[in-house]
Amino acid sequence: MPELPEVETVRRGLHQLYLGRPLLGLVLEGHRTVRRHPPGLLRQLEGRVLEGTDRVGKFLFLRWSGGRDLVVHLRMSGQLRAEQRGAQRRPHTHAVMAFDGAGEVHFVDPRTFGELFLLDEARPEGLGHLGPDALRLSAGHLARALDGRRAPLKALLTDQRVVAGVGNIYADEICFAARVRPDRPAGSLSRPAVARLVAGTTDVLARAIEAGGSTLGDGQYCDLFGQPGSFQLQHAVYGREGLPCRSCARPVARVRLGARSSYFCPRCQR
Ligand SMILES: [Zn+2]
């Protein structure tokens, strides 16, 4: 599932290819991709110029002339792919945006959890539930969010209401960088440990963006140009059960938290 670094990589590709381009047309297939408002409302975007791109957590924003924002949420398996004009649509293509002089963007989503919507037309909750973007996280905010909580630290780090953009992979990597176990009660962290988490978040995510994100064995994530990321080669713990810790060489351990696995070093993380 794409997390902040993968979504940011896609955003940069969109910015590079389509900024300043008018949208010639937007074609929707299937019924699940636009579900917060009547799908036909997206036709309002036709003829508008892409004036900016933005991202909060895992949500991508395409800002159009006249003050309209199209939100793209890739969720589990969504991809945006740059294609030539009139290119054959691969299976599970649910939306096609054609740009003047710059080809097309295809929204491909086998599992159909992803979605597109106009920000103003979204259901009232909109994006109001999102915590601060993980790249703008402060120690004060995180300390308040963790204070008194008995839930495992990882459950809060991956809660988009606490911090937006961190998911299963990067939560493990951030906990390793901060030398804290992901299964610790969130409220048990000292102030220095919270500060290390904030620093670790910035460091891990910045390095992951630099590497174009992580592409796991399922090959599900790729960027706008179909290229995989390479940060999986730098993972310290995620997916490395039994392999030597990159810091102390002791085998990386795995623990189940809820429905998902978490990876950590029993010596380096407390
Ligand atoms: Zn270690």
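Me: Which residue in β7 does Ala 82 stand opposite?
Reply: In this predicted model, strand β5 is joined by five bridges to strand β7, residues 103-108. The two strands run antiparallel. Within β7, the residue opposite Ala 82 is Val 105.

Me: Why is one side of β1 and of β5 left without a neighbour in the sheet?
Reply: Four strands form an open sheet in the order β1-β6-β7-β5, with antiparallel pairing. β1 (23-28) and β5 (79-83) each have a single partner strand, so one side of each lacks a neighbour in the sheet. The reason is therefore their position, at the edges.

Me: By how many degrees are neighbouring strands of the sheet with the order β1-β6-β7-β5 turned against each other on average?
Reply: The sheet is open and has antiparallel pairing. With direction ignored, the average turn between its neighbouring strands is 15 degrees.

Me: Which residue in β6 is the bridge partner of Gly 25?
Reply: β1 pairs with strand β6, residues 93-99, in the antiparallel sense. Five bridges make up this pairing. In β6, the partner of Gly 25 is Ala 98.

Me: How many of the residues of β5 are buried?
Reply: A residue counts as buried if 20 or more other C-beta atoms lie within 10 Å of its own. By this criterion β5 is mostly covered, the number of buried residues being four of its five.

Me: Which elements are included in what covers the buried residues of α4?
Reply: Helix α4 spans residues 168-178, and 10 of its 11 residues are buried, so the helix is largely enclosed by the rest of the structure. Among the buried residues are Tyr 170, Asp 172, Glu 173 and Phe 176. The covering elements include α1 (4-18), α3 (153-157), α5 (191-210) and β10 (260-264).

Me: What phi does Arg 179 take?
Reply: Arg 179 comes just after α4. Its phi is positive, at about 60 degrees.

Me: Are α1 and α5 roughly parallel or oblique to each other?
Reply: The axes of α1 and α5 come within 9 Å and cross at roughly 40 degrees. Angles under 35 degrees would count as roughly parallel. The two helices are therefore classed as oblique.

Me: What is the handedness of the crossing of α1 and α5, and which residues make the contact?
Reply: The crossing is right-handed. By class, the contact has five nonpolar, one polar and one charged residues. From α1 the contributors are Leu 4, Pro 5, Glu 8 and Thr 9, and from α5 they are Leu 205, Ala 208 and Ile 209.

Conventions
Residues numbered from 1 in each chain as written. Predicted model: local features only at pLDDT ≥ 70, side-chain atom pairs only at ≥ 80, totals over all residues. Pairing = 2+ DSSP bridges. Axes fitted to C-alpha atoms, helices over the stretch in contact; angles between N-to-C directions. Buried ≥ 20, exposed ≤ 12 C-beta atoms within 10 Å, placed from the backbone. Contact = placed C-beta atoms within 7 Å. Parallel < 35°, antiparallel > 145°, perpendicular 65-115°, else oblique. Left-handed = near helix turned anticlockwise from the far one by under 90°. Nonpolar A, V, L, I, M, F, W, Y, C, P; charged D, E, K, R; others polar.
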